[in-house]
Structure formats: structure tokens, C-alpha cells
Amino acid sequence: MNTRHQPTIFNTQDASRIAFELYGLHAKARTLPGERDHNFHLRTEAGQEFVLKIAPAAERSNILDLQNKALEHLAAYDPSLLLPQVCTTSVGEAIATVTAADDTPHYVRLLTYVPGRPFAEVKPHTPELLYSLGSMVGRIDCGLQNFTHPAAYRTLKWDLQRALWIRDYLQHIAQPERRAIVEHFLSQFEAQTLPKLPVLRMSIIHNDANDYNVLVSDTATESRQVISIIDFGDMVHTYTISGLAIAATYAMLNKGDPLTAAAHVVAGYHEAFPLSVSELEALYPLMCIRLCVSVTNSAYQQKIDPHNGYLVISEQPAWTLLEQLMDAHPRLAHYTFRHACQLAPCPGANALVQWLESNSDKIGRVVEPDLRVVNKVIFDLSVDSSELGNLAEVSDVELFTRHIFERMKAANSSVGIGRYNEARLIYSSDIFKSAGNDGPEWRTVHLGLDVFMEAGSPVLAPLDGIVHSFRNNSSPLDYGPTIILQHSVTGRQLSFFTLYGHLSVDSLDGLYEGKLIAQGTPFARIGSHTVNGGWPPHLHFQIIADMLDRTGDFPGVVRPSQRETWLSLSPDPNLIVRMPEDSSPRNGLSTEQIRQVRAQHIGKSLSIAYQKPLKIVRGWMQYLYDENGRAYLDAVNNVSHVGHCHPRVVKAGQEQMAVLNTNTRYLHDKLVLYAERLCATLPASLSVCFFVCSGSEANELALRLARTYTGQKDMIIVDAGYHGNTTTLVEISPYKFDGPGGTGTPAYVHKVPMPDVYRGQYKRTDLDAGEKYARYVEEAVQLIQGRQSKVAAFLCESLMGCGGQIVLPENYLKEAYHYVRNAGGVCIADEVQVGFGRAGTHIWGFETQGVVPDIVTMGKPMGNGHPLAAVVTTPEIAAAFNNGMEYFNTFGGNPVSCAIGLAVLDVIAEEHLQANAFQVGKHLMDGLRELMDKYALIGDVRGLGLFVGIELVLDRKTLMPAPPQASYVANRMRERGILLSTDGPFHNVLKIKPPMVFTEANADYLVAILDEILSED
Ligand SMILES: Cc1ncc(COP(=O)(O)O)c(C=O)c1O
């Protein structure tokens, strides 16, 4: 919106000359953009930086003086404000005069340069950054509130006091639809806002916090702040609030949810310089009118200067924003901003609540049974509810209906209640989807009270009212037939509404707007699922304080991020229904509360993922859900191998748990069936199983087997490997013993380099890399032998996870096993991370290397989250272990675990998950590799099946790792609704290992969002 064109009367040499002649500075000049002034950046040899501003003398010098005085005033008021400082010439002038080549006189000013990046060029605009923008504008306005200067009382097209000038210029907007938009906002402004403006505070303000005048610190995203505002050239004495209106308007550009973005700015401003109630009321109309001034000005300027491209620089986003705002009701915006300032969002709602509370004896029923006393079932439909089955069951309306009515029948009740202010997962279809600033947000929070009753049950008017509006909202999952009554309280200026949704179609017969409905009249009936939008029969009953000029419809579920505003608009329906039971769910613990209790009662060495930790309350297939029902695409939890809460696995566990859970000392079919099934997936020699409860237990047992069988202790392990959390496993896990708190390599442990063909000594292009890395194993064997000892075992992950998603080069294990076996050692494959088909081409990772280990350990995915793990070995090794000492494991191999393990194997086979891993993994890696062409930060994309790593580097030649960038991406992906993690020796590898039900569409989405995040700065 700011024009960025300037005629070139002064060049950089002129600027350097003027800097020297007037200010005694030896400086290099660079041109800066400016609307009226010729602006130059100066850097002296000593590194000092300035801005030289040269304005035509046609610009009144008193306006320049106004700017200088304001900057001086602000510097004195709050030295911590990082604003430009006025510098004087060698003879003490704040404004000097020079003559241009064309003999025109010009004024010159020198200001200190404030480093920073224009807000417009910073991505993303986080809530914290937006808040700091508001705060900066507020601090400046606060500083200027007592500042006076005669030149500020001027006529300026950007002064919102004078915005109506655009009325005469609307004809310059070429497209009639666009002109209509501006006319709409202008008329609304004239009719509703203009009369209220005279009460607003007035002061001299900066008046131009546009997104190129706002400077942002050049720090990491999390700590990024607005540090300064420059260009005081549009200063004027006007409504104080205008400055905020302008800043918030620019902050709304290019946002999915502009009002929420603006609300952050408003909150920051209010904290720094509190707003009055009338200012808050005028704010949104002023924002809209500022946009209208901008687009009208652009249209006019284009007419008179059609070749000036700068004039339209931000015109398109401004139009898009205006179109977005056409859908936002001004009072909703007003309530949103009031909420941002911690005021009751809807100002009239308090009086309504009080009236309903104090007149409860005058209120009648909404259905025939008296809900205050009747026996009823209060349903828990919240995100983590265990009452209504899994997500698929809840989305099946017939099943859902059966479930609801069976529960009511079992409780001998004809009425069920669905609660108010409850975040639910049942609203997962696209009609509940809306744009947020971090991707889509679903409307999940219920604003009404549901009364589940048989279809046909009458609905009564609880109070006298008139029909405000009615409509059949007949789209699937909508309200179906809906009636809204309006109630007016005699003798008081109080009017409110009640909404009745999901009615029968004949409920609308004979209705007309204004029809009187007396209290107690059965004016409608509950509809069946065939007409009510496809829901179990129920009445959706809602109180509405402000209809926001809608008819026949009103949101019954809203976005969690706007919850408080809407709850204020629609207070608790139980004010009318008056059930003694809780009408809304009790709040669970907040993330902050959980963190506090964790800090006290949970060991601090347990880490929490993400800078903004997540409270996850439900899982379903490849998705995890937070308490507000936000879905996160899970790209990292390989433990939930066949999908979170896979119903087949859940059922197997539940059923067996209800029958028997004991231990391996009794004979049980499932133990042996499972052992047979598991062994059938492995090479024939691996035929003896030991069931345990964790990957650590499995590796611990594998060590005992190896030691007993060989009679030796020396271990060869691979650098950066991780094998578990026990004392011994930490001793053989370089990931731990070389990391923080580690005590280094024990004498019996021999660490060989990780066969990393990206970062290691031998690269991917070296066809013999596998053999060459295996030679380190040979050297380790020789070292052990040189110490008159023998190797017990070589332990290696089949694909390395903590090491950074490393795929072993061809022949690595073949050669390494050869050296180890020749020396009498055994070979252990740690499949704890990667087994069960994740590699795509094979069930087991070691198979991709063409080897057969002597011992295999497995865990994580084996029980789909149930603690189930195993060691499988050869009969010889198992026989050696049978040395008289019993191996007993209380839980390992119990019937419940075996039932679950069997179900997991069934699902992998029946749902062809290994083939899926192969196909989707390839698709994903293709997409990620395409990103490599766009972002030099991606040094490597590697993986097998759905075990994928993205290594981030600052330099593709030196491979300088980029851990902060990896952490940034993981945290931003989480904000955008995708979960992944970082790992590798330098913490610069993004790990992707999703549940195996991950789809190509999921992969495409991941790649698209990653693309957006990598384009941030
Ligand atoms: C390769 C590998 N082995 C063993 C383990 C230990 O398994 P658990 O955490 O189940 O004890 C892990 C866990 O991350 C692992 O990644």
C-alpha cells in the first residue's frame, strides 16, 4: 500500500558527498526505498550506519521538524525504544538544505540506522511476533500521548479521520464487484461508526505502521520480536486508535484467519497502552476503512500513473483481505478484540445470564420430561471419551445412534444429554473445517445442549417468544430443520434468542417470522436421522445473545481458538434447562498443570517433545488428537505400527484380558501359536523365542545368550547406536555413553564407525563402501584377539535410528558377520525399531542385507503399543542358555500380549502394510528428493520403506550440520499439525517413521507443509 517509487535526482555518490560535506562522514551509500524522500543507507569505514533522508523542499520543513521532534520526544520518554535518532550536521542543524542537479532545493536529515528485517518479509508471523507488533505501536502511542506540534494538525489522505474522501474516488476502482465491497464497508462505516468517533481519544500518532515500516529482530523465530518502527512521515494528530488499526490491518494480510492475527496485535497494544471500550468498538471498522482507503488510493494512483508497478505492491493481498472480511461480522470482530483485551467478549451477555439466573422460576421446559428431575444419561462425547467406541464407530451414524439409545435403554431413561462447551471429535468432516493461521482448524466445541430423545418427541417453548427465523439446513451433517425464537424481556432492553436444531421437517409447517409462540407450546418435534442432517435423533438447544444478523442458522460448534468469544455469545443452555448435573465437561489438566506435576513427581530426565508441548488424548490410525480435537498427522510413532488404537488389536487385547492373563508357567495355546507365527516370518535357523516386555529387555537377554554361548564378554558395536536403557545396554550404546551424562566406552566394548555413506569416510558413490566399513569390524576383532581375548558378539541395528536413519551399505552385515563368526562371536540384529515390514521390501531389516543373524531382538512395533518384545535365536544358542538357571519373566509371553502380537501379525498381512510401506515410502522419498532441488539445506534424503531420514546441512560440501534448523522444522511442523522428530549424532536429521497405514496423500501433505516451512526464514 505504500508506494515505493522515487525519481532518481540524487544518486549514491551524491549521498556520500552530502554525508561528508554536512556531517563529516566518510560513508558508502546504498539506495533505500521511500515514498516521498530519497533515502540512502550509509555505512562509515568504522561500521557506523545511518539513514540519509533527502526531501524536496516542497515538503514542508515543519513536517520534517514534527518528525524530528517526535523522535527526540520518544527517545527521552523511553530510551529502550529502538527508534531512529536524529543526528545534526557539523554546524548543529537537524535539517539542512542542499540543491539537486536540477537546481531544486532539498532538505536533508540524518538518522541513525535501525537494523532489522521488514515485517512484510518475515515468515512466519507467530502470535508472539504479532503481539510484539501491537506492543511496539502501543508504546509509541503511549510515549506520544502528551506530545504536541503544530504541524501535526494537517490534512492527510492517510488520516482515518478523513477517510470519507474515498467516496468521490470509488469510480477509479475498475471492477464493479470490488467497488461494491468498498461501498459496503464505507456505508457501514458512515452509518454505524462515524457518529461514535467523536468520543475517541486523539493524539499525535505515527500513523503508518505498515509492514515495511515495522522492523523485526533478526533472531530465531521463537525469540523474534518487533524491535522498531521507522518512517514517521505520515504523522498526524488524529484518533489515537488509528495507529493500531493500521498496524493490525497490515498484520492481517496474507493470513488464513486474519481476525485472530489482528487479535494478537490488539492484545499486545492493550498491554502496553490500555484501550477504552469505545476504542475497541471503533477498531474493526477503522481497520476495514483503512483497507478501503488503501485500495481506492491504489486504484486512483494507477489511473494517473499506469506504469508505476510499485503502486500496486500490496493491492492484491489487500483485496483478498477485504473479501475475507466480508465474511466476518463486525460485531464478532469487536467481540474477538474485546476478548483479546480480557473483557467479556459479548457486552450484552452478562445481563442475559443474570436475568436467566434470577428468573429461573419463570422458565419452562424445552421437552416434555422435566429435565431437572427426569432420569437421564449424560453422555461424554469429548475427544478422550471411552464411552462411544473408536473414531470409526462414532462416525457411523447408525452405530452411534444405536449406541446412544441402547445406553439410554440400559439406564431405563428416555432422555440423553450431550454437553455444552465440549470439544468433540465427531465433527471431522469438511463442513466443520475452517482456515486458521497454522493450517485448517476444525470447529469442535459444542455451543448447545443436545437432548437425545426418540424422533417425533415434541419440543416446547421455554419462554414466550416470536419466530425470529427458520430454515431447513439440509446439507449432510448440518442442522436439518431449524427454528430460532426471539425473546424480549418486558420493561428491560433485553432481547435474546433460542435455537432448536435437528427438528422434523413438518416442524417448519405454518411458521412465519414474527409468529407468537407462547411459553409451553409444543411448537416443533425432534427429527429422525434421515432429515436432521444425519445425526442420532436429538434436539440441539442453544441460547444466543447476538444473532450477528443471521437467520435460520447459527454456529452450533466453533473453533477451539475462538471458544471464549463464542461461549460468551452463546451462554450455557442449562440456564434454561436447569439440570442439576454438570452441563459441561469438567476441565482436564491443562498442559501447564501437567508440566508442574511432572516437574514434581516425574523424573526430569524424561524429556518432553516440542517447545510447545502437546497434550494428546486420543489416537486413531496415523493421527493423534489433542484435547480440543485437533488432529496431528503422526509421522514418527513407529510403535503404533498398524495404526493407533487399531480396533483389531484393541479387541484382541480386551477379549483376552477379560478371560485370562497369567504367565508362561502354564500351558496356553496363544504362546505357542504366536511363537510359531513369529518364527514363520524368520529364516529357519531362528526358531526359538523368548518373550519379554521391552526392547531393552530383549537386548539385555540377547547379551546373556551371547555371553553364555561364547563364554566371552567383549562386544563390537556401531558408533551412534542405541540398544536400550539398562546399565549394560547404556554401556554398549554410544548414543548414550558418548552423550551427555555418559562415561565413555567401557574396556570390553569396541566401537566401530557408523557405516554412514553420506557423512562417513566412504560415500554412497563408493560401491565397496559396505566392505570397507566392515573392515573396521575386522580390526575390532583383531584388537580383541590381540588382547588375548575373544569376541562375544557383534550387535548392530538393521537400520540405524538414533544414528540418523542410516541405511547400511550393501554387503556391510555380510562382511561384518563373516569376520565376527570366524572369530567365534555371534551376530545379533537389533530389529527393535525397524522390524515387522517397515523396510518395505522385507519383513526384517537384516534381510535387506542378505544375512541371517544368530540372535534377533524385536520390540516397539510388535504389540502396537502394548509392551511386547522378543528374542529369537537358534536352537544351539538357546540350548547353551539352558544351563540350569531358570529364565523367568513375569509378564513376557502372557496370553494378553500373545493375543495382541498375533493380531498385529494378522493386520500386517491382511492390510498389506509391508507393501504399503514400500510404495508410500518410495512416494514420500521421491517428494522429499524433489525438495532437495529447492532447498540447499536438505543435504540428504535416505531411507527404506517407511523409515526415512532428512539430513539438514548448512553447506552441502562441508556437510556442516544444521541442528537448530532441524529443531525449528520439527517444531514448526508440529504447529502445522505434523509430528516428526530429530536425531543423529548432530541432531540434524529429521526422522520419519509413521504408523504403517500412512498413505500417499499423507506423504504429499507432509512434503507440501515441509516445503512451506523450509521457505520460512
Ligand atoms: C534400536 C533400539 N534398540 C532397543 C531399544 C530399546 O527399546 P525399549 O525402549 O523398548 O526398551 C530402542 C529404543 O528406542 C531402539 O531404538
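Biologist: Quick one on F523: buried or exposed?
Modeller: In this predicted model, F523 is buried, because its relative accessibility is 9% and the cut-off for buried is under 20%.

Biologist: And what about Y500, buried or exposed?
Modeller: Y500 counts as buried, with a relative accessibility of 0%.

Biologist: Any aromatic pairs around? How many does the count come to?
Modeller: The count comes to 20 aromatic pairs. Y500 and F523 form one that is edge-to-face, 4.9 Å centre to centre with 85° between the planes. Y500 sits in strand β22 (residues 494–501) and F523 in strand β24 (residues 522–525), so to speak a link between distant parts of the chain, 23 residues apart.

Biologist: OK, and why is the F690 and F881 pair called edge-to-face?
Modeller: Because the planes of F690 and F881 are at 90°, with the ring centres 5.9 Å apart. F690 is in strand β30 (residues 688–692) and F881 in helix α23 (residues 875–881), so this pair ties together parts 191 residues apart in sequence. Both residues, F690 and F881, are buried.

Biologist: Switching to the ligand. Which helix gives the most to the shell around it?
Modeller: Helix α18 (residues 695–710), with three residues. The shell divides into two nonpolar, seven polar and three charged residues.

Biologist: What does the side chain of D830 have 2.8 Å from an N or O atom?
Modeller: A nitrogen atom of the ligand. On the oxygen side, a polar side-chain atom of S696 lies 2.5 Å from a ligand oxygen, and one of Q833 lies 3.0 Å from a ligand oxygen.

Biologist: How much of the ligand does the protein bury?
Modeller: The protein buries 85% of the 390 Å² that the ligand exposes when taken alone.

Methods. Residues numbered from 1 in each chain as written. Predicted model: local features only at pLDDT ≥ 70, side-chain atom pairs only at ≥ 80, totals over all residues. Heavy atoms only, no water. Polar contact = N/O pair within 3.5 Å; in protein donor to acceptor, adjacent residues only side chain to side chain. Areas by Shrake-Rupley, 256 points an atom, 1.4 Å probe, with all protein chains shown as cover. Helix = DSSP H or I, 4+ residues; strand = E, 2+ residues; numbered from the N terminus. Nonpolar A, V, L, I, M, F, W, Y, C, P; charged D, E, K, R; others polar. Phe/Tyr/Trp six-rings, centres within 6.5 Å; stacked < 30°, edge-to-face > 60°. Buried < 20%, exposed > 50% of the residue type's maximum accessible area, 1.4 Å probe, protein only.
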